[in-house]
Amino acid sequence: MKLYRPATVVIGIMFVLIGGLSRLAAPDQVYDDETNRVVVSGTIGETLDYNGSTVTVQRVKFARAYLTGGSDDKPVQSNGIFVAVEYDTVRGTPEVPYPSTQLVTDDGTVYAPISETWGSRIDFAEPGFGVTSAIVFEVNPTNVNGLTFQVRTGPLFTVLTQDVAVDLGVPDEKVAKQLIDAAAPEYLIPHGVQRVAS
């Protein structure tokens, strides 16, 4: 008969307890198919907790093309529309759990960021520092209703995690049309600025 070491038993019990606690979260704060993800929801300008750090969407801009700011830069155009999400992050002391981003519409359409803006991740500095930057998405102009910016924890964090969902203020087709009609001809992707967090 094989005996298990007390540390192994304790670790096993902790995983069971943490898994159970993740199911106690309020149903409206959890993704339908992932009970271990608690979602902190907010709007533009609201500072939201993200696993001990913070994320704030400062503004959203619509544009018909974008520039990266290089010396031989030419505007990148699209048949769709570009949505730039300008954000501010402040790093806390806990590790930042591989944050990926996406835009999601009311009907469940998911848009990934263009590769020129950090791939699919938002930027965090060292603990105690903040970053101001932007991430850009190419979207279908006929499908932007209910546009929500999501920051999701990477797949390696399988226990209870905290994600962020920011309503970008496009409640219906009328507002969507106004935003698209008023889209800027070009958007210059800013270089991230790092600073000491206040």
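In this predicted model, the side chain of E86 reaches the side chain of Y187 through a polar contact of 2.7 Å. E86 belongs to strand β5, which covers residues 76-90. With a relative accessible area of 10%, E86 falls under the 20% limit and is therefore buried. Beyond its neighbours within four places in sequence, E86 is in contact with T56, V57, Q58, R59 and K61, as well as with S133, A134 and Y187. Y187 thus appears twice for E86, as a polar partner and in the list of contacts.

The strands around this pair can be followed from β4, which spans residues 53-67. Strand β4 and strand β5 run antiparallel and are joined by 11 bridges; in this pairing, T54 has V90 of β5 as its bridge partner. Strand β4 is also joined to strand β11 (residues 187-188), here in the parallel sense and by 2 bridges. Within that parallel pairing, Y66 stands opposite Y187, the residue whose side chain makes the polar contact with E86.

Strand β3 (residues 47-50) is another partner of β4, and these two pair in the antiparallel sense over 4 bridges. T47 stands opposite T56 of β4, and T56 is in turn one of the residues in contact with E86. The hairpin formed by β3 and β4 has 2 residues between the strands, and N51 in its turn has a positive phi of about 55 degrees.

Turning to the nonpolar residues, the largest core holds 28 of them, and V85, L103, L147 and F149 have the most contacts inside it. At least two residues of this core come from each of β3, β4, β5, β8 (129-139), β9 (148-152), β10 (161-167) and α2 (173-181). The largest share is that of β5, with 4 residues. A second core, separate from this one, has 9 residues, including A84, I114, V136 and Y187. In soluble globular proteins, nonpolar side chains tend to be buried together.

What does V85 touch, leaving out residues up to four places away in sequence? The list comprises V57, R59, L103, S133, A134, I135, F137, F149 and L168. Of these, L103 and F149 are also among the residues with the most contacts inside the largest core. Several residues touched by V85, among them V57, R59, S133 and A134, are found again in the contact list of E86. Y187, for its part, is included in the second core while its side chain makes the polar contact with E86.

Methods
Residues are numbered from 1 along each chain as its sequence is written. This is a predicted model: local features need pLDDT of at least 70, side-chain atom pairs count only at pLDDT 80 or more; totals for chains, interfaces and linings use all residues. Side-chain values use heavy atoms; hydrogens and water are left out. Buried means under 20% relative accessible area, exposed over 50%, partly exposed in between (1.4 Å probe, protein chains only). A polar contact is a pair of N or O atoms within 3.5 Å; within protein, one must be able to donate a hydrogen and the other to accept it, and residues adjacent in sequence count only if both atoms are side-chain atoms. Contact means heavy atoms within 4.5 Å. Two strands pair if DSSP finds at least two bridges between them. A nonpolar core is a set of buried Ala, Val, Leu, Ile, Met, Phe, Trp, Tyr and Cys residues joined through side-chain atoms within 4.5 Å.
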